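User: Hi! Could you walk me through this model before I head back to the bench?
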Amino acid sequence: MRVKIDRSFVSQAGQSEYHRVLIDATLRMASALGLGTVAEGIETPEQAAQMLAMGCERGQGYWFSRPLEAPALVAWVQAGGARALAELSKE
């Protein structure tokens, strides 16, 4: 089970202390409950880095890939497209 962090918070995290505090509280709550986390709406490498630095395990959004039809999605996953944020930061 995972807790999703809404894209509206992710998109504002770089400019708003309010949004950073809400994300931090969400990540702490998820950790305390033993749940994974995923940030929605990651569109830039900076947003990915910020979510990773805050402790978010996974992300989704246009920075990773645009929406794909089923066959293209299978090929993307098989090619290693679905990876944790920490793995992407090593590139």
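**Talking through the model**

Analyst: Happy to. Let's begin with one pair in the sheet: Val38 stands opposite Arg58, a residue of S3.

User: How many bridges join S2 to S3, and which way do they run?

Analyst: S2 and S3 run parallel and are joined by 2 bridges. Please keep in mind that this is a predicted model.

User: Good to know. What is the order of the strands in the sheet?

Analyst: The order is S1-S2-S3, in an open sheet of 3 strands with parallel pairing. S1 and S3 are the edge strands, each pairing on one side only.

User: And how do S1 and S2 pair?

Analyst: S1 (residues 2–5) and S2 (residues 36–39) pair in the parallel sense, over 4 bridges. As one example, Val3 stands opposite Thr37 of S2.

User: Which side chains of S1 are buried?

Analyst: Val3 and Ile5 are buried and point to one face, while Arg2 and Lys4 point to the other face and are not buried. In a regular strand, side chains alternate between the two faces of the sheet.

User: Does anything pack on Ile5? I mean, what touches it from a helix?

Analyst: Leu27 is one residue that touches Ile5, and Leu27 belongs to helix H2. Leu27 also touches Thr37, Met54, Gly55 and Cys56, leaving out residues up to four places away in sequence.

User: Is Leu27 buried or exposed, and why do you say that?

Analyst: Leu27 counts as buried because its relative accessibility is 8%, and the cut-off for buried is under 20%.

User: How far is Leu27 from Leu68?

Analyst: Their C-alpha atoms are separated by 29 Å, and the two residues are 41 residues apart along the chain.

User: Staying with H2, where does His19 sit, and what is it in contact with?

Analyst: His19 lies in H2, which covers residues 17–32. Apart from neighbours within four places in sequence, His19 is in contact with Ser8, Phe9, Gln12 and Ala13. His19 is buried as well, with a relative accessible area of 16%.

User: Gln12 is on that list. Is Gln12 buried, exposed or partly exposed?

Analyst: Gln12, which is found in helix H1 (residues 7–12), is partly exposed, because its relative accessible area is 33%. Gln12 and Gln47 are 35 residues apart in sequence, with 9.4 Å between their C-alpha atoms.

User: Changing topic: where is Thr44?

Analyst: Thr44 is in the loop between S2 and helix H3 (45–54). Thr44 is partly exposed, at 26% relative accessible area. From Thr44 to Gly61, the C-alpha atoms are separated by 8.9 Å, and the residues are 17 apart along the chain.

User: What about pockets? What volume does the largest pocket have?

Analyst: The largest pocket has a volume of about 270 Å³. It is lined by 16 residues, and those closest to its centre are Gly59, Gln60, Gly61, Phe64 and Trp76. The elements giving two or more residues to the lining are strand S3 (58–59) and helix H4 (70–78).

User: And what classes of residue make up that lining?

Analyst: By class, the lining has 8 nonpolar, 5 polar and 3 charged residues.

User: Last one: which element has the lowest mean pLDDT?

Analyst: Helix H5 (residues 85–88) has the lowest mean pLDDT among the elements, at 67, whereas H2 has the highest, at 96. For the chain, the mean pLDDT is 89, and 91% of residues reach 70 or more. Where pLDDT is low, the predicted coordinates should not be read in detail.

Conventions: Residues are numbered from 1 along each chain as its sequence is written. This is a predicted model: local features need pLDDT of at least 70, side-chain atom pairs count only at pLDDT 80 or more; totals for chains, interfaces and linings use all residues. Side-chain values use heavy atoms; hydrogens and water are left out. Buried means under 20% relative accessible area, exposed over 50%, partly exposed in between (1.4 Å probe, protein chains only). Contact means heavy atoms within 4.5 Å. Two strands pair if DSSP finds at least two bridges between them. On a 1 Å grid over the protein atoms alone, a cavity is a set of points where a 1.4 Å probe fits but cannot get out, and a pocket is an open set with protein on both sides within 12 Å along at least five of seven lines; lining residues have an atom within 4 Å of a point. Grid points are joined across faces, edges and corners, and a volume is the space filled by probe spheres set on the points. Ala, Val, Leu, Ile, Met, Phe, Trp, Tyr, Cys and Pro count as nonpolar, Asp, Glu, Lys and Arg as charged, and the others, Gly among them, as polar. pLDDT is the predictor's confidence in each residue, from 0 to 100.
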